[in-house]
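Work through the exercises below with the model open. Try each task before you read its solution.

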Amino acid sequence: MLDDAPTPHVLGDEIIIIENLYKTFGNVRAVYDFSMTVRRGEVVVIVGPSGSGKSTVLRCINHLETPSQGDIYIDGVHLEDKKTDINAVRAEVGMVFQQFNLFGHLSVLDNITLAQRLIRKRSRAEAERIGMEQLERVGIPEKARAFPRQLSGGQQQRVAIARSLAMNPKIMLFDEPTSALDPEMIKEVLDVMLDLARGGMTMVVVTHEMGFARSAADRVVFMDQGCVVETAAPKTLFNNPQHERTKLFLSKIISH
C-alpha cells in the first residue's frame with residue numbers, strides 16, 4: 001500500500017465507491033447508510049419498491065443531488081472534496097433518465113453533437129462522425145436528420161443513450177429508462193442496454209425490468225426504505241433470496 005495514498009480503496013479496480021451515504025429532503029429520509037462499490041466493466045442493477053431511494057442514489061453518484069452525509073468516489077476522485085471539479089467528473093459519467101430530455105428544436109444529430117462540441121471541444125465534423133457511429137450502435141442511423149417529435153418513445157430513448165455514449169463516458173447510469181415507454185418499445189431500449197453490458201460498459205441501472213436484471217447484471221442490489229436489504233448475483237437473488245423483505249417484493253413482481 002502506498003504511504004501517501006488518500007484512501008486505500010481508490011487503488012483497486014473499483015470505479016465507483018459509495019460509503020455510508022445519507023440523503024434527506026426535509027424530514028424525509030430518502031437514503032440511509034447506503035454503501036456500494038462497482039468495479040470497472042461491472043453491471044449493477046438496483047431494484048426495489050417505488051420510493052425506496054434507488055433514483056436518489058443515482059442522482060448522488062452524478063451529484064445532481066448533494067449527499068447529506070457520506071462519501072462518493074468516481075474513478076478515485078472524491079466528490080465531496082471541495083476542490084473537486086464536479087463538472088469534470090460529470091463529463092465522464094453518462095446518465096439516461098426516464099424522460100428523454102431531447103431538445104425539440106434540434107435534429108437528432110444536433111442533439112447528439114451539442115455536448116460534444118461544448119464540453120469535449122470537438123469540431124462539428126468530428127462530433128457528427130461520432131454521433132453517426134453512436135446512432136449506428138443504437139440502430140437508428142436513418143433518423144439523424146429527424147426531429148424528436150417525429151420519433152417513437154423508444155427511438156427517442158435510444159437517441160438519449162447515443163447522446164450519452166458520444167461523450168465517451170467511463171460509466172453509464174440509467175434511471176428507469178423504460179418506465180415512460182409503451183410495452184412494445186421497451187425491448188428495443190433494453191436490447192441496446194444489453195449490448196452495452198456485453199461490450200464491457202460500466203453500468204448502474206435502476207429498473208423494474210427483472211428480465212434485464214437476470215440477463216445483464218453481475219450483481220443485483222435490492223433496496224427498501226433507503227437502505228440496502230440484500231446484494232447478490234441475479235441467479236442467487238431471484239432464485240434464493242435470503243431476506244423476507246426481498247422474498248415479499250419478488251413474489252409481487254415475478255410471476256411463477
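**Exercise 1. Find the strands of the four-stranded sheet that helix 1 lies across, and place them in the sheet**.

Step 1. Helix 1 lies across strand 1, strand 2 and strand 4. The helix runs at about 120 degrees to strand 1. Axes here are lines fitted to C-alpha atoms, for helices over the stretch in contact, and angles run from 0 to 180 degrees between N-to-C directions. Contact means heavy atoms within 4.5 Å. Helices (H or I, at least four residues) and strands (E, at least two) are DSSP runs, numbered from the N terminus.

Two notes before going on. This is a predicted model: local features need pLDDT of at least 70, side-chain atom pairs count only at pLDDT 80 or more, and totals for chains, interfaces and linings use all residues. Residues are numbered from 1 along each chain as its sequence is written, and side-chain values use heavy atoms, with hydrogens and water left out.

Step 2. Now order the sheet. Its 4 strands run 2-1-4-5, it is open, and the pairing is antiparallel. Two strands pair if DSSP finds at least two bridges between them.

Step 3. Look at the edges. Strand 2 (28-39) and strand 5 (77-78) each have a single partner strand, so one side of each has no neighbour in the sheet.

Step 4. Check one pair. Strand 1 (residues 14-25) and strand 4 (residues 69-74) run antiparallel and are joined by 5 bridges. Ile-16 stands opposite Ile-74 in strand 4.

**Exercise 2. Give the strand order of the sheet of 6 strands, then name helices that lie across its strands**.

Step 1. The order is 6-7-8-3-9-10, in an open sheet with mixed pairing. The edge strands are strand 6 (93-96) and strand 10 (227-232), and each pairs on one side only. From one strand to the next, the twist averages 15 degrees.

Step 2. Take one end of the order. Strand 9 (residues 219-224) pairs with strand 10 in the antiparallel sense, over 5 bridges. Val-220 stands opposite Ala-232 in strand 10.

Step 3. Add the helices. Helix 1 (residues 54-61) lies across strand 3 (43-47), strand 6, strand 7 (171-175), strand 8 (202-206) and strand 9. Its angle to strand 7 is about 150 degrees. Helix 5 lies across strand 6 and strand 7, at about 170 degrees to strand 6.

**Exercise 3. Which residues of helix 3 are buried, and what covers them?**

Step 1. Apply the cut-offs. Buried means under 20% relative accessible area, exposed over 50%, and partly exposed in between (1.4 Å probe, protein chains only).

Step 2. In helix 3 (residues 108-119), the buried residues include Val-108, Leu-109, Asn-111, Ile-112, Thr-113 and Gln-116. Their cover includes helix 4 (124-137) and helix 5 (153-165).

Step 3. Look past the end. Lys-121 follows helix 3 and has a positive phi, near 60 degrees.

Step 4. Turn to the surface. Phe-103, Leu-114, Leu-118 and Ile-119 form a nonpolar patch there, with about 370 Å² of accessible area together. Phe-103 lies in the loop between strand 6 and helix 3. Phe-103 is partly exposed, at 41% relative accessible area. Patches are made of residues with over 30% relative accessible area and no salt bridge: like charges are joined within 9 Å, nonpolar side chains (Val, Leu, Ile, Met, Phe, Trp, Tyr) within 5 Å. Accessible areas come from the Shrake-Rupley method with a 1.4 Å probe; for residues, only the protein chains shown count as cover.

**Exercise 4. How many salt bridges does the whole structure hold, and where do some of them lie?**

Step 1. A salt bridge is a side-chain nitrogen of Lys or Arg within 4 Å of a carboxyl oxygen of Asp or Glu. The search finds 15.

Step 2. Start in helix 4. Glu-133 and Arg-129 form a salt bridge, with the closest N and O atoms 2.9 Å apart. They are 4 residues apart, so about one helical turn separates them.

Step 3. Go to helix 6 (residues 183-198). Lys-187 and Asp-191 lie there, 4 residues apart. Their salt bridge is 2.7 Å, N to O. Lys-187 is exposed at 54%, while Asp-191 is partly exposed at 37%.

Step 4. Finish with a distant pair. The side chains of Arg-245 and Asp-224 meet at 2.8 Å, N to O. Arg-245 is in helix 9 (residues 244-253) and Asp-224 is in strand 9, 21 residues apart. Arg-245 is partly exposed at 29%, but Asp-224 is buried at 14%.
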